[in-house]
There are 2 protein chains.
Amino acid sequence: MPPRSPLAPDSFPALPVIGGVRFAAAQAGVRYKGRVDVMLALLDPGSVVTGVFTRSATRSANVLDCQAKIGHDSKAGAAIIVNSGNSNAFTGKAGDGSVRAICEAASGITGLPAERIFTSSTGVIGEPLPHDRIIAKLEELNEGLTEDAIEMAAKAIMTTDTFPKGATATIEVEGKPVKIAGIAKGSGMIAPDMATMLVYIFTDAQISRGALQEIVSTVNARTFNNITVDSDTSTSDTLLMAATGASGVDVTGNAAFAEAVETVFLDLAHQVVRDGEGATKFVTVTVTGAASDADARTHALAIANSPLVKTAIAGEDPNWGRIVMAVGKSGAAADRDTLSIRFGDVLVADKGWRAPDYREEQGAALMKEPEIDITVDIGLGQGSATVWTCDLTHGYIQINADYRS
Amino acid sequence: MPPRSPLAPDSFPALPVIGGVRFAAAQAGVRYKGRVDVMLALLDPGSVVTGVFTRSATRSANVLDCQAKIGHDSKAGAAIIVNSGNSNAFTGKAGDGSVRAICEAASGITGLPAERIFTSSTGVIGEPLPHDRIIAKLEELNEGLTEDAIEMAAKAIMTTDTFPKGATATIEVEGKPVKIAGIAKGSGMIAPDMATMLVYIFTDAQISRGALQEIVSTVNARTFNNITVDSDTSTSDTLLMAATGASGVDVTGNAAFAEAVETVFLDLAHQVVRDGEGATKFVTVTVTGAASDADARTHALAIANSPLVKTAIAGEDPNWGRIVMAVGKSGAAADRDTLSIRFGDVLVADKGWRAPDYREEQGAALMKEPEIDITVDIGLGQGSATVWTCDLTHGYIQINADYRS
């Protein structure tokens, strides 16, 4: 196993209990031995479930099944079952059968209708999922459910992750607390533009499915969809958010709730980047002055996905010429003579040319920091976007020349 | 300097003299010491010059100047001047001035009009080009011109290249030979979809500028535009092809000539991939059965540019699941249940599922070879494309965390 990322937070955060949802994890031995690799989250009746998913054309059987189920209202509760070690992607009709078998078995044990069982699988692509091993643990999982096992659930969904990822936010509405807690996994095969990695977020807010889905889709576009580790998009990306209503507080139309959701999404998204395979630098790329927000995002992603930019950052080389290259190749509008680049607060390039006062030592000093801010102003309009990424190091090569994902 | 690529040809090929063009190289000390870093090619009156260029929005002053000059007919000869060590890209108005100064000085020395002087620069982006060092060598270059110095010219244009690149073809038309000889440089910041790297190709054929340009554009789309080392596109990509007419053979409408041009382009394009930074594997990705040729190319490039596919190949891991992932993320049409994948002749995945007879040892054995063929059939239509790439290794990280390009 690779060592814990140098960009990891000190510890897993203290996540509050969310009324109406309980968790359990177990060792099913899908692929990994001696660690938890399957989790169950059980949601009480009255909960709503929303989600966003990968747009990959080769998405997994689980994603297809979730997408078929997610748009319906139900008075029943719901369950989320996730395994690591095998993604059940590109496993043909047998993969569809694995999902069906798990959902039917879980339905029998929990008493929920099969349409309310949502599953995800993450790990190697193209190997048959040994779903019997998961089904054999469902009884144990159901009996072991507790309100405070979310950290164990976060551990069960890890693959090449070097730390479990959690985040939380609480708001007060008329004196009553509304809580949000979420977990995520992901460290390679991470690219935006489609959906995200595996993320499960829970709140005790009261809100309709439609209203929550709208918040989730909007906030996802600004958070998970704007991170990239390696420009490769998983076949299994899934984000599910459930609201149990246990707080008794209706948050419909409450801007503070949407902001709190964004806080949690962004925290988890940043943790995914901080655990990017081989990452030693956390990089924020902000593009302003583009012809449109879409153009700004195109430029920002071109910079964040450029192997030459990412290796320069790994080498602590303030090689701003590669940022010029990435802007130039992105396909979005740019003009040499209006372009400027900053590292942190330092103006590096200005109006098509190296900034007159810039000294290489300034850039070199900033590159030694673990967190690096790159700001590019295109100078053509009002469009802006921010994207987060990490560097490309020997660690990434090591992990991916060996690990079968 | 990194060692010579393990995928390099044994030696520089014997290139024939092309009547009507002479070469010289010199040590101008633009950036590198103790090696040739500037070349001059001088074309006799009556030669036509054609070209294709990067579509980068931040292309270099030289590229902009060449583009302004390339579409015109002229009875005069022409000159091509190329330096390595500095790309003169993102050097603002000063960069335009550098090109003008070189062209005016060369005009004075060669007697050619400045509109017939084509220049390229390759190397670090964003540093002022010390054009005086190049101008100081023009007299020496002009006096040293010889018909057989093309290999020295190939050496003068190298940056992180580990070997000089040359290719040739000869056809007979009514008993008379028509010769083609070309040189290229490039090993990082190599991606298709725009134009190419630095390539200079010469022929003694007689052909109009318009007819030659059409051949160049068509053949370029099938050769240089279908290679990728790292998905990053240079600000300086330039291909110039000149026909001197010295053979006295008119090749207008001659299919064998166009085929010979393609042979030379493809040979040089493959050499660029074989010298991809850190490359240890030469990979041919062929996609068939796509909804269109454009879709096939999109899938092939998604596979060839995927860091996870490239690192798996570096690790000699027959990880075909990552190929499924890349097809899925590409954005072009695909269907899990009609997709098949071959390594060499071995059917690995078929119709949405691991092929029943495939054994991991078969894939593992093929991955140990230095040349790897990946064929993906999408199963939806008649579209096809072939793309060439290399693996992503520790060598790439080493070169690019250090080298300032």
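What rotation superposes chain B on chain A, and with how much shift along its axis? The legends below, which describe a predicted model, begin with that relation.

**Figure 1. Chain A and chain B as two copies related by a rotation.** Two copies of a chain are related by a rotation about an axis and a shift along it. In this predicted model, chain B is superposed on chain A by a rotation of 180 degrees, with 0.0 Å of shift along the axis and an RMSD of 0.0 Å. That is why the relation is described as a two-fold axis. The residue of chain B that comes closest to the rotation axis is B:H394, whose C-alpha lies at 2.9 Å from it. Both copies use the same surface, since 100% of the contact residues of chain B recur in chain A.

**Figure 2. The interface between chain B and chain A.** Here 59 residues of chain B are in contact with 60 residues of chain A. Together the two chains bury about 5300 Å² between them, and 57% of this area is on carbon and sulfur atoms. The interface also holds 13 residue pairs in polar contact, with both residues at pLDDT 80 or more. Four helices of chain B, namely α2 (92–110), α9 (307–314), α10 (321–329) and α12 (394–402), each supply at least two residues of the side that touches chain A. Of these, α12(B) gives the most, with seven residues. By class, this side of chain B has 23 nonpolar, 20 polar and 16 charged residues.

**Figure 3. A salt bridge between the chains, A:R336 with B:D96.** Side chains of opposite charge can pair when their charged atoms come close. Between chain B and chain A, six salt bridges are counted. One pair at this boundary joins A:R336 to B:D96, and the closest N and O atoms are 3.2 Å apart. Over all chains, a search of the whole structure finds 30 salt bridges.

**Figure 4. The two domains of chain A.** Chain A is divided into domain 1, covering residues 21–274, and domain 2, covering residues 282–402. The centres of these domains, taken over C-alpha atoms, are separated by 33 Å. Their contact takes 16 residues from domain 1 and 14 residues from domain 2. Between them, domain 1 and domain 2 of chain A bury about 1300 Å², with 56% of that area on carbon and sulfur atoms.

**Figure 5. Polar and charged links between the domains of chain A.** Across the interface of domain 1 and domain 2 of chain A, the rule finds one salt bridge. A:E371 forms a salt bridge with A:R274, and the closest N and O atoms of this pair are 2.7 Å apart. Two residue pairs in polar contact are counted between the domains, both residues being at pLDDT 80 or more. On the side of domain 1 that touches domain 2, the elements of chain A that give two or more residues are β9 (227–228) and α7 (255–274). The most is given by α7(A), with four residues. The residues of this side of domain 1 divide into five nonpolar, seven polar and four charged.

**Figure 6. A salt bridge within helix α1 of chain A.** The side chains of A:K69 and A:D65 meet in a salt bridge, with a distance of 2.8 Å from N to O. Both residues lie in helix α1 (residues 61–69) of chain A. A:K69 and A:D65 are four residues apart, which is about one turn of the helix.

**Figure 7. The surroundings of A:N142.** A:N142 has its place in helix α4 (residues 138–143) of chain A. Leaving aside neighbours within four places in sequence, A:N142 is in contact with A:L40, A:L42, A:I109 and A:T110. The view also includes A:A25, which is 117 residues from A:N142 along the chain. The C-alpha atoms of A:N142 and A:A25 are separated by 9.5 Å.

Conventions. Residues numbered from 1 in each chain as written. Chains lettered and ligands numbered in written order. Predicted model: local features only at pLDDT ≥ 70, side-chain atom pairs only at ≥ 80, totals over all residues. Heavy atoms only, no water. Domains from an automatic or database assignment. Contact = heavy atoms within 4.5 Å. Buried area = accessible area lost by both parts, 1.4 Å probe. Salt bridge = Lys/Arg side-chain N within 4 Å of Asp/Glu carboxyl O. Polar contact = N/O pair within 3.5 Å; in protein donor to acceptor, adjacent residues only side chain to side chain. Nonpolar A, V, L, I, M, F, W, Y, C, P; charged D, E, K, R; others polar. Least-squares fit on C-alpha atoms with pLDDT ≥ 70 in both.
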